[in-house]
Amino acid sequence: MDYIIVAILGIAGGWGCALIALAVQRAKLRAQKREQDLMAERISQSSHAIGTARQQIETESSRLEAARAQFDMRAVAYTELHDENAILKRDLRNLDVGVRKLQLDRDQQRQSQEALNQRANELGSRYLKESVKWISSSLNPNNFSGCKQRLIDVIVRCRGIGFEVPARQEAELLANLKSEYEMAVRAAFAREEQTRIKAQIREEQIRAKEIDRELKRIDREREAIKAALDKALAEANDQYSAVVENLKARLAEAEEKAQRTISQAQLTKSGHVYVISNIGSFGEGVFKVGMTRRLEPQERIHELSSASVPFPFDVHMMISSDDAPTLEHVLHQHLRRNRINRTNPRKEFFKTDIETICRIVKDNHGEVSFVADAEALQYRQSLTMPEEDQEFVESVYDDLDEETEESVVSDL
């Protein structure tokens, strides 16, 4: 009985152990199954990755095959490369020769250009020097502006042909031109001063002759009046009469005139300032303002109306002044902006109107009478003279010329 119980307990224990072992085994089986599932999933993922990789490999392999095929197509044979290399070497040698030739040509061209530049500089320097010399030789007191413009034109032409004239040299050339102009003006002034002195001496001689002639005339008049007065007194038997009084008055007037003539001769600045025009020669509104110290100023006007102008001058003003040079200088200063010849201030012609001149004279001298409109008789007659009258006048003068020539021949 005990054996049975023990056997039953043993069997029960065995079954329990077996059950326990079975449970453990089942747990292991489940764990292995889970591991197998995970492994299967991993294998599936790996298969998918391997498939993707295989596909990429196949794609890359196809690309490589295509590239290899393309490379094989582009591959060049050695002989071909050798021939091409020979051609390249030949071309390089030719290029090298060409480059060297170009370099030699460039060096030669540079040398030629330097020689040309040197020649151009020499020619430009000579041209500038000769031009400056010519301009200096042609410079006179009346053409400074023209010579200056010619010098500037020469400098511009020099720069145009490639001969550079520095600004400093240009300024120096212009300064030298101004200095030469000043010297030319001074030389001309000295010559004109000598001429003026000679003219003044001649004027003084003429004036002295006029004064002497006037004094002699007054002396003759005075002697005649005295003789007539003595005769009238003798006939009147010391009784006063109207004739005697008239002769005494004339004698006193002659004495006063003689004294006035002597006083005027002693005044070195007395003279006449004249304002004249010449419409036929210079046009409307052009006046000459000058001065003369002659007793008969009209003689100076006749001299100015000589053969150097086609028509005689018309007198608008003849102003007697004790200081004629000062009055003339004042008029010239007021009218300097109206001077016609701006290169030579000694030319006394002005573009203005007679009213302006009259106002200046009035402000600096006093009231003066003047003639506003020029007569210009010969000029106006020349404008209206018929051709028939012109031919007649010329024939008369021709006859006179022939008579003069015949007279000269007969005298010889």
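This is a short guided tour of the predicted model, from its sheet to its helices and salt bridges.

Residues are numbered from 1 along each chain as its sequence is written. In this predicted model, local features need pLDDT of at least 70, side-chain atom pairs count only at pLDDT 80 or more, totals for chains, interfaces and linings use all residues, and side-chain values use heavy atoms, with hydrogens and water left out.

Select the four strands first: they form an open, antiparallel sheet in the order 3-1-2-4 (strands are DSSP runs of E, at least two residues, and helices runs of H or I, at least four, numbered from the N terminus; two strands pair if DSSP finds at least two bridges between them). Strand 3 (314–321) and strand 4 (349–351) are the edges, each pairing on one side only. Next, display strand 2 (residues 286–292), which three bridges join to strand 4; Val 286 has Lys 351 as its bridge partner there.

Then select helix 2 (residues 78–138). Its 61 residues should span 90 Å at 1.5 Å a residue (the expected span is 1.5 Å times one less than the number of residues), and its end C-alpha atoms, 86 Å apart, agree with this. Gly 124, Leu 128, Ser 131 and Ile 135 of helix 2 are buried (under 20% relative accessible area; exposed is over 50%, partly exposed in between, with a 1.4 Å probe and protein chains only).

Within helix 2, zoom to Lys 101 and Asp 105, whose side chains meet in a salt bridge at 3.0 Å, N to O (a side-chain nitrogen of Lys or Arg within 4 Å of a carboxyl oxygen of Asp or Glu). Asp 105 is partly exposed, at 32% relative accessibility.
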